[in-house]
Amino acid sequence: MAAAPSSTTDLKQRIITPDQGQTTTTTTTNNKNGSTINSKRDKRTAMAKRGLRSLIIAVSFPLSITLLSIYISTSFTSSNHINLVITSSKKPFWFPPSWALHLMLPASSFLMGLSAWMVWADGGFHRNPTAFLLYLLQLIFTVLWDPFVFGVGATSFGLLICFGIFGSMFGCMRLFEKVNPIASSLIKPCLACIAFLSIVNLKLVFI
């Protein structure tokens with residue numbers, strides 16, 4: 001008679017044990033799924049932070065060195081011929097004020113930096129290093145123009161720099177278009193700005 005309860009107990013254990021195992025398996029699977037979702041969310045957050053950081057660098061670096069070149073040029077003597085022409089009342093009626101001329105290149109540097117970042121994010125510089133070299137070339141020309149024209153008064157050399165800026169920007173626009181059409185479109189206002197700057201520079205050569 002004592003053996004019957006023992007058999008009943010063994011039978012209950014055999015029935016309950018598979019259910020407990022299934023519950024444990026389900027809990028483990030849910031934990032793994034939750035960990036996977038959290039891991040993907042963390043990766044997306046990290047990628048977004050890196051993207052934002054790279055965007056800030058890509059825009060602020062060319063803008064900063066362009067502003068620095070303007071500061072250097074304005075630190076030179078303000079009595080040179082070009083500065084006297086720009087600030088005089090006898091300048092051509094279509095000449096913009098001096099502050100507007102100084103702001104054209106920083107605005108162009110900002111747009112070029114944004115455009116270059118978009119191409120870099122799409123892997124364009126890795127596939128075509130020439131695009132990156134052209135971007136660096138136009139940046140160098142952009143930094144040089146203000147000190148040579150307003151600082152030193154070398155308008156003839158400044159006109160050559162304008163041609164260099166326009167040519168390298170045009171090359172960037174053609175190469176960027178193959179990677180990101182929006183990035184290429186951002187360069188069009190820069191080309192218009194440099195074209196007008198070249199006309200101003202040409203007029204300064206003959207004044």
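The chain exposes about 12500 Å², and carbon and sulfur atoms supply 69% of that area; accessible areas come from the Shrake-Rupley method with a 1.4 Å probe, and for residues only the protein chains shown count as cover. This is a predicted model, in which local features need pLDDT of at least 70 and side-chain atom pairs count only at pLDDT 80 or more, while totals for chains, interfaces and linings use all residues. Residues are numbered from 1 along each chain as its sequence is written, and side-chain values use heavy atoms, with hydrogens and water left out.

Let me turn to the overall architecture. The chain has 7 helices and 0 strands, and its pattern along the sequence reads α-α-α-α-α-α-α. Helices (H or I, at least four residues) and strands (E, at least two) are DSSP runs, numbered from the N terminus. Of the 207 residues, 34% are buried, where buried means under 20% relative accessible area, exposed over 50%, and partly exposed in between, with a 1.4 Å probe and protein chains only. Among contacts between residues at least 6 apart in sequence, 79% join residues at least 24 apart; a contact here means heavy atoms within 4.5 Å.

I begin the closer view with helix α7, residues 181-205. Its 25 residues reach 36 Å from first C-alpha to last, close to the 36 Å expected at 1.5 Å a residue; the expected span is 1.5 Å times one less than the number of residues. At the N-terminal end of α7, asparagine 180 acts as a cap, with a side-chain oxygen 3.0 Å from the backbone nitrogen of isoleucine 182. Such a polar contact is a pair of N or O atoms within 3.5 Å; within protein, one must be able to donate a hydrogen and the other to accept it, and residues adjacent in sequence count only if both atoms are side-chain atoms.

Among the buried residues of α7 are Ile187, Leu197 and Asn201. Which backbone nitrogen does the side chain of asparagine 201 reach? The partner is that of leucine 159, at 3.2 Å. Asparagine 201 counts as buried because its relative accessibility is 0%. Beyond four places in sequence, asparagine 201 is in contact with Trp145, Val149, Thr155, Gly158, Leu159 and Cys162.

Isoleucine 199, also in helix α7, counts as partly exposed at 47% relative accessibility. The C-alpha atoms of isoleucine 199 and phenylalanine 95 are separated by 9.9 Å, although the two are 104 residues apart along the chain.

A similar link involves proline 92, in the loop between α2 (81-87) and α3 (98-121). Proline 92 is buried, at 17% relative accessible area. Setting aside residues up to four places away in sequence, proline 92 touches Lys203 and Ile207. Proline 92 and lysine 203 lie 111 residues apart in sequence, yet 9.0 Å apart in space, C-alpha to C-alpha.

Next, helix α5 (residues 129-152) holds threonine 142. Is threonine 142 buried or exposed? Threonine 142 is buried, because its relative accessible area is 1%. A polar atom of its side chain lies 2.7 Å from the backbone oxygen of glutamine 138. Outside its neighbours within four places in sequence, threonine 142 is in contact with Thr66, Leu105, Ser109 and Ile165.

I close at the surface. Tyrosine 71, in helix α1 (residues 3-75), is exposed at 56% relative accessible area.
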